[in-house]
Amino acid sequence: MQFASLGSGSEGNATLIQSGKTLLLLDCGFSLKGLSERLKRLALTPADITAVLVTHEHADHIRGVGPLTRKYGTAAYMSAGTASAKTLGKIPHTTVIAAGEILKIGSVDIEVHSVPHDAREPTQFIFNACGRRLGVLTDLGSIPDELAQRYSDLDALLLEANHDPEMLARGSYPASLKQRVGGYWGHLSNQQSAQLIEQINVGRLQHLVLAHISQKNNSQAHVMAAFAGLPAAYHLLQLADQNTGFDWLPIT
Ligand SMILES: [Zn+2]
Ligand SMILES: [Zn+2]
């Protein structure tokens with residue numbers, strides 16, 4: 001199994017997970033044209049995608065989902081709440097999924113988890129293939145203990161580190177948005193992400209990629225500083241950025 005990002009942040013998110021002939025797209029926050037251009041960097045086209053999974057209906061995750069599925073007939077998977085969002089438009093081949101289930105697509109088994117985020121029915125996923133586990137965890141304001149336990153013993157983790165609380169507090173966002181981003185149903189701060197790493201078993205981790213990093217309320221230096229006290233994970237750290245995401249990372 002391997003994974004790559006086509007870009008990550010509030011301007012758009014899209015992650016690829018590949019195992020054998022199965023190529024999964026997790027969210028599509030870019031236009032279909034933007035998606036095609038970004039896929040080209042990896043010598044892929046939208047027609048290569050087996051299925052698209054949608055975590056929730058916020059624009060930075062769905063922009064290209066409708067156009068992709070309508071033009072290419074790509075199978076789509078999302079919760080009933082997400083599917084009910086009018087902004088998605090008509091999605092021709094939707095399979096409704098729910099937290100707690102294990103979804104099988106091609107050679108990948110996918111755990112579906114619900115997360116505290118201010119969307120209708122947001123989900124995040126753990127991908128299992130070839131005896132390896134890749135967790136993706138972004139767009140949540142807090143991490144209940146039960147959820148943290150699910151993200152233990154992974155081989156790779158793509159984790160949100162959205163903001164530095166002081167930068168958010170001092171920044172230009174209106175008070176209501178500051179409250180939303182920093183709240184229980186908002187986004188993870190660098191410190192909350194680091195706390196998760198402290199809490200779970202990371203002995204097997206090959207890759208730890210921090211994602212959905214705010215361009216206004218965070219900086220590379222702040223992210224790195226928050227993880228500096230975690231030697232077991234610090235040397236693995238990589239940051240996903242808005243424009244380039246990151247190239248394939250193989251999970252061996
Ligand atoms: Zn988002
Ligand atoms: Zn969101």
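Is Asp-139 buried or exposed? Asp-139 is buried, with a relative accessible area of 1%. That residue turns up again in the close-ups below, which all come from a predicted model.

**Figure 1. Two zinc ions sit 3.6 Å apart and share Asp-139.**
Start with the residue from the opening question. Asp-139 coordinates both the zinc ion (ligand 1) and the zinc ion (ligand 2). Look for Asp-139 in the loop between strand E10 (132-137) and H5. Its backbone has a quirk too: Asp-139 has a positive phi of about 60°, although it is not a glycine. Most residues other than glycine have a negative phi.

**Figure 2. The zinc ion (ligand 1) is held by Asp-60, His-61, Asp-139 and His-212.**
Here we zoom in on one half of the pair. The two aspartates, Asp-60 and Asp-139, offer OD atoms, while His-61 and His-212 each use NE2. These protein donors lie 2.1 to 2.2 Å from the ion. Read along the chain, they follow the spacing D-H-x77-D-x72-H. Asp-60, in helix H2 (residues 59-62), and His-212, in the loop between E12 and H9, are 152 residues apart, so this pair links distant parts of the chain. The 4 donor atoms subtend angles of 91 to 170° around the zinc ion (ligand 1), and that is why the arrangement is irregular. How much of the two residues is left uncovered? Asp-60 counts as buried because its relative accessibility is 10%, under the 20% cut-off. His-212 has just 3% relative accessibility, so it counts as buried as well.

**Figure 3. The zinc ion (ligand 2) takes its donors from His-56, His-58, His-117 and Asp-139.**Now for the other half of the pair. His-56 and His-117 bind through NE2, His-58 through ND1 and Asp-139 through OD, at 2.1 to 2.7 Å from the ion. Along the chain, the donors follow the spacing H-x1-H-x58-H-x21-D. With angles of 88 to 169° among the 4 donor atoms, this site is irregular. His-58 lies in the loop between strand E4 (51-53) and H2, and His-117 in the loop between strand E8 (108-114) and strand E9 (123-129), so the pair ties together parts that are 59 residues apart in sequence. At a relative accessible area of 2%, His-117 is buried.

**Figure 4. Ala-59 is found in helix H2.**
Ala-59 counts as partly exposed, because its relative accessibility is 44%. Which residue can you pair it with in this view? Try Thr-87: the C-alpha atoms of Ala-59 and Thr-87 are separated by 8.2 Å, though the two residues are 28 residues apart along the chain.

**Figure 5. The largest nonpolar core has 28 residues.**
Leu-137, Leu-157, Leu-159, Ile-197, Leu-208 and Leu-210 touch the most other members. Helix H5 (145-150), strand E11 (156-160), helix H8 (190-199), strand E12 (207-211) and helix H9 (220-227) each give two or more residues to this core. H8 gives the most, with 3 residues. For a good place to rest your eye, pick Leu-159: among the residues it touches are Leu-137, Leu-188, Leu-196, Ile-197, Leu-208 and Leu-210. Thr-138 and Ser-193 are also on the contact list of Leu-159. A second, separate core holds 27 residues, including Leu-26, Leu-53, Leu-103 and Phe-246.

**Figure 6. The whole structure has 1 cavity of 30 Å³ or more.**
How much space lies in the largest cavity? About 110 Å³. The lining is made of 15 residues, and Ser-8, Asn-13, Thr-15, Thr-138 and Leu-158 are the closest to the centre. Strand E1 (2-7) and strand E2 (14-19) each supply at least two residues of that lining.

**Figure 7. The largest pocket has about 300 Å³ of space.**
There are 16 lining residues here, and those closest to the centre of the pocket are Ser-10, Tyr-173, Arg-180, Val-181 and His-187. Helix H7 (residues 175-182) gives the most to the lining, with 3 residues.

**Figure 8. Asp-153 has a positive phi of about 60° although it is not a glycine.**
You'll find Asp-153 in the loop between H5 and E11. Its relative accessible area is 31%, so Asp-153 is partly exposed.

Terms used: Residues are numbered from 1 along each chain as its sequence is written. Chains are lettered from A and ligands numbered from 1 in the order in which they are written. This is a predicted model: local features need pLDDT of at least 70, side-chain atom pairs count only at pLDDT 80 or more; totals for chains, interfaces and linings use all residues. Side-chain values use heavy atoms; hydrogens and water are left out. A nonpolar core is a set of buried Ala, Val, Leu, Ile, Met, Phe, Trp, Tyr and Cys residues joined through side-chain atoms within 4.5 Å. Buried means under 20% relative accessible area, exposed over 50%, partly exposed in between (1.4 Å probe, protein chains only). Helices (H or I, at least four residues) and strands (E, at least two) are DSSP runs, numbered from the N terminus. Contact means heavy atoms within 4.5 Å. Donors are N, O and S atoms within 2.8 Å of the metal (3.2 Å for Na, K and Ca); water is not among the atoms, so sites may look incomplete. Four donors count as tetrahedral if all angles lie between 85 and 135 degrees; four count as square planar and six as octahedral if opposite donors are over 155 degrees apart and all others between 65 and 115; anything else is irregular. On a 1 Å grid over the protein atoms alone, a cavity is a set of points where a 1.4 Å probe fits but cannot get out, and a pocket is an open set with protein on both sides within 12 Å along at least five of seven lines; lining residues have an atom within 4 Å of a point. Grid points are joined across faces, edges and corners, and a volume is the space filled by probe spheres set on the points. Lists of a residue's contacts leave out its neighbours within four places in sequence.
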